[in-house]
Amino acid sequence: AKTRSVLTDRVAELFTRRQKIDEAFFEELEEILIGADVGVNTVMELIDDLRTEVKKRKIDQPSELQPILSEKLMDMLRGTGEETGIRMNPDGITVILFVGVNGVGKTTTIGKLAWRFKQQGKSVLLAAGDTFRAGAIEQLEVWGQRVGVDVIKQEAGSDPAAVMYDAVQEAKRRNVDVLICDTAGRLQNKVNLMEELAKIHRVIQREIPGAPHETLLVLDAATGQNALQQAKLFGEKSGVTGLVLTKLDGTAKGGIVIAIRHEMSLPVKFVGLGEKMDDLQEFDAEQFVHALFAGLAGAIEENEEN
Amino acid sequence: MAFEGLTSRLQNVFGKLRGRGKLTEDDVNEAMREVRLALLEADVNFKVVKDFIAKVKEKAVGQEVLKSFTPAMVVIDIVNKELTELMGGTQSKLAKSNKPPTVVLMAGLQGAGKTTLTGKLANLLKSQNHKPLLVAGDIYRPAAIKQLEVLGGQIGVPVFTLGDQVSPVEIAKQGVQKAKDEGLDYVLIDTAGRLQIDEALMEEIKNIHDAVDPDEVLLVVDAMTGQEAVNVAQSFHEKLELTGVVLTKLDGDTRGGAALSVKAVTGCPIKFASTGEKIDQLEAFHPDRMASRILGMGDMLSLIEKA
Ligand SMILES: Nc1nc2c(ncn2[C@@H]2O[C@H](COP(=O)(O)OP(=O)(O)OP(=O)(O)O)[C@@H](O)[C@H]2O)c(=O)[nH]1
Ligand SMILES: Nc1nc2c(ncn2[C@@H]2O[C@H](COP(=O)(O)OP(=O)(O)OP(=O)(O)O)[C@@H](O)[C@H]2O)c(=O)[nH]1
Ligand SMILES: [Mg+2]
Ligand SMILES: [Mg+2]
């Protein structure tokens, strides 16, 4: 909370330090938003909106514009505001499927989420659905041991849909609260691999009607515009219900989720803030927007020093 | 939609002017705005874009764009050439020490594709009759050692490990020694992914570097990286004096503007393109193809027809 108020202060200071709203102001704002990887189209729309507001409300002080911008960004991110947290199955096993491109943090996030459920006293089972990447099954097993959760697996190279089938049967037999399914990373333009994902999804659905209750697309905060494409195509093939934004402990802002939220109304559910099991937090739109502005303050200070 | 190629963008700008006779400098400015947007949509860092546009504009105004009957073509030609040049000539050779073994150090963010690349390079070297050794220097990521061992096993290349309780600096040192003892001529050191702002881990890789004095220091960069590519490249370069860059996951549909950002910041050659998850999916990097890709210029020909 301390860092948060510091950030807010910096933003406030920035917007008051600027004397007027002119072209230079909008130009800088545009650069900062683009620098945070907010989608290019979304940035252009936002800036246009702000120009309109400035005219309509006859604003001439940057300080008056700041809350309007924050509010717009937060509105975009919040959506209807009903989708935070995991949608649990009220009568039976909750199945959560993880999907995404290579190396974004799916397996790690599964470990963290399993730990979270364990701490809430829930019983959890993991499914090692990445049978392709070298060491993927072992990686999930290490996470299973760390957090004290069993992993259902087959041999490397076996059919991931078959692993999922096994895992669902085992989850039913043990009557666990939550089954979390890992999948191999795949690029969204690989037709066969995306079909494989659709098949995995179908198998789970057939064995437990209504499942998976969440299909979470994991996005790396350092990813640029391509994340939009990821959201689109994974959405079509595996019915994504929410996003996880990882590696926010770096300096990448992950602004592309604003465009994704805006264009596809997919909520961000969690953020990853490190490689340890505690490094997972529920998404907080306000905090996220403040972090975007942290860059804004920094970059403009830098500009003015030059 | 979002990924409108530069060709059609410029077509729109110049198309409006058809039949109006000569172009003005304003027209060129408008064209530059389109170039700027195309580059931003391709994830080129905004600061890099700024410098680039300034340079291109100077050339465009200086040249016959204003007089040309096909101004879009002239602009594209200038932009394309400039981009290609910026990304450097073709260069897909690893360094080779005249005092073997040649030591290659991998560096990069988490999940960029370092371990996979390490395996791919070993495979390539082996096919050229070299004798590589893989060194498992990632003691943090769960099953990172196992991952490298599986890759080594697939291609029949030895993997040196001391488990995950010994410091990576020590592992790297002993790995190089082992290669010397056994007459192996390349040592490829895999390292853990790290954020460029993680001081402890950046210091660690610096120590590895100083302990083994590598002939090649490769920054492995995910081609989908956005604006952050500049910060990453800058920090790793300052710390390690990179000698080359490898772009990974180029088999995706990303425009890959990170290539330009990283090149602009480090000046290092982009040595390879990693284009898949399989061990043999490693290619030479082609600046000209990359330039077209960044600009979304698959539709180059159609423009010539329309012009
Ligand atoms: N700094 C940081 N690193 C992370 C975070 N989440 C994951 N990582 C790291 O990112 C790398 C890739 O994570 P994985 O969980 O293996 O990613 P994945 O999506 O399962 O990868 P594939 O299965 O190969 O597609 C690992 O080194 C993780 O430790 C995070 O929130 N912050
Ligand atoms: N499609 C595709 N996937 C790749 C490519 N290179 C690596 N990958 C995948 O990307 C993911 C991460 O690769 P790794 O080699 O584990 O990355 P890393 O940099 O070693 O990751 P950390 O050790 O966790 O930092 C894996 O799923 C790889 O299979 C590539 O060129 N194309
Ligand atoms: Mg994984
Ligand atoms: Mg690795």
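# Interface, ligand sites and backbone features

Chain A and chain B are joined by 4 salt bridges. The model is predicted. One salt bridge across the interface pairs the side chains of A:Glu138 and B:Lys146, with 3.9 Å from N to O. That value lies just inside the cut-off, because a salt bridge is counted when the side-chain nitrogen is within 4 Å of a carboxyl oxygen.

## The interface

Polar contacts add to this picture: 18 residue pairs across the interface of chain A and chain B satisfy the rule, with both residues of each pair at pLDDT 80 or more. On the chain A side, four helices each supply at least two residues that touch chain B: helix 2 (23–35), helix 3 (40–56), helix 6 (136–147) and helix 9 (226–238). By class, this side of chain A is made of 13 nonpolar, 17 polar and 14 charged residues.

In terms of contact, 44 residues of chain A meet 37 residues of chain B. The two chains bury about 3400 Å² between them, and carbon and sulfur atoms account for 56% of that area.

## Salt bridges over all chains

Over all chains, the structure holds 26 salt bridges. One within chain A joins the side chains of A:Glu23 and A:Arg51 at 2.7 Å, N to O. This pair connects distant parts of the chain, since A:Glu23 belongs to helix 2 and A:Arg51 to helix 3 of chain A, 28 residues apart. Helix 2 and helix 3 of chain A are also among the helices that supply residues to the side touching chain B.

## Ligand 1

There are 23 residues around ligand 1, and those that come nearest are A:Lys106, A:Thr107, A:Thr108, A:Arg133 and A:Glu275. The site is shared between chains, because residues from chains A and B surround ligand 1. Helix 5 of chain A (residues 106–119) gives the largest share of the shell, 4 residues. The shell divides into 4 nonpolar, 11 polar and 8 charged residues.

An oxygen atom of ligand 1 lies 2.5 Å from a side-chain N or O atom of A:Thr108. The backbone also takes part: a polar backbone atom of A:Gly185 is 3.4 Å from an oxygen atom of ligand 1. From chain B, a polar side-chain atom of B:Gln110 is 3.5 Å from a nitrogen atom of this ligand. Ligand 1 taken alone exposes 650 Å², of which the protein buries 96%.

## Ligand 2

Ligand 2 has 23 residues around it, with B:Gly113, B:Lys114, B:Thr115, B:Thr116 and B:Arg141 coming nearest. This site is likewise shared between chains, because residues of chains A and B surround ligand 2. The largest share of its shell, 4 residues, is given by helix 5 of chain B (residues 114–127). The classes in this shell are 3 nonpolar, 12 polar and 8 charged.

Two backbone atoms and one side-chain atom of chain B are listed here as partners of ligand 2.

| Residue | Atom of the residue | Atom of ligand 2 | Distance |
|---|---|---|---|
| B:Gly111 | backbone N or O | oxygen | 2.9 Å |
| B:Lys249 | polar backbone atom | oxygen | 3.0 Å |
| B:Ser274 | polar side-chain atom | oxygen | 2.9 Å |

Taken alone, ligand 2 exposes 650 Å², and the protein buries 96% of that.

## Backbone features

Most peptide bonds are trans, and most residues other than glycine have a negative phi. The following residues depart from these rules.

In chain A, the peptide bond from A:Ala211 to A:Pro212 is cis, with omega near -10 degrees. A:Pro212 sits in the loop between helix 8 (191–207) and strand 5 (214–220) of chain A.

In chain B, a cis peptide bond runs from B:Pro100 to B:Pro101, and its omega is near 5 degrees. B:Pro101 is placed in the loop that joins helix 4 (71–86) and strand 1 (102–107) of chain B.

B:Asp43 has a positive phi, near 75 degrees, although the residue is not glycine. B:Asp43 is found in the loop between helix 2 (25–41) and helix 3 (46–62) of chain B.

Terms used. Residues are numbered from 1 along each chain as its sequence is written. Chains are lettered from A and ligands numbered from 1 in the order in which they are written. This is a predicted model: local features need pLDDT of at least 70, side-chain atom pairs count only at pLDDT 80 or more; totals for chains, interfaces and linings use all residues. Side-chain values use heavy atoms; hydrogens and water are left out. Contact means heavy atoms within 4.5 Å. Buried area is the accessible area (1.4 Å probe) that two parts lose on being put together, summed over both. A polar contact is a pair of N or O atoms within 3.5 Å; within protein, one must be able to donate a hydrogen and the other to accept it, and residues adjacent in sequence count only if both atoms are side-chain atoms. Ala, Val, Leu, Ile, Met, Phe, Trp, Tyr, Cys and Pro count as nonpolar, Asp, Glu, Lys and Arg as charged, and the others, Gly among them, as polar. A residue is near a molecule or strand if one of its heavy atoms lies within 4 Å of it. Accessible areas come from the Shrake-Rupley method with a 1.4 Å probe; for residues, only the protein chains shown count as cover.
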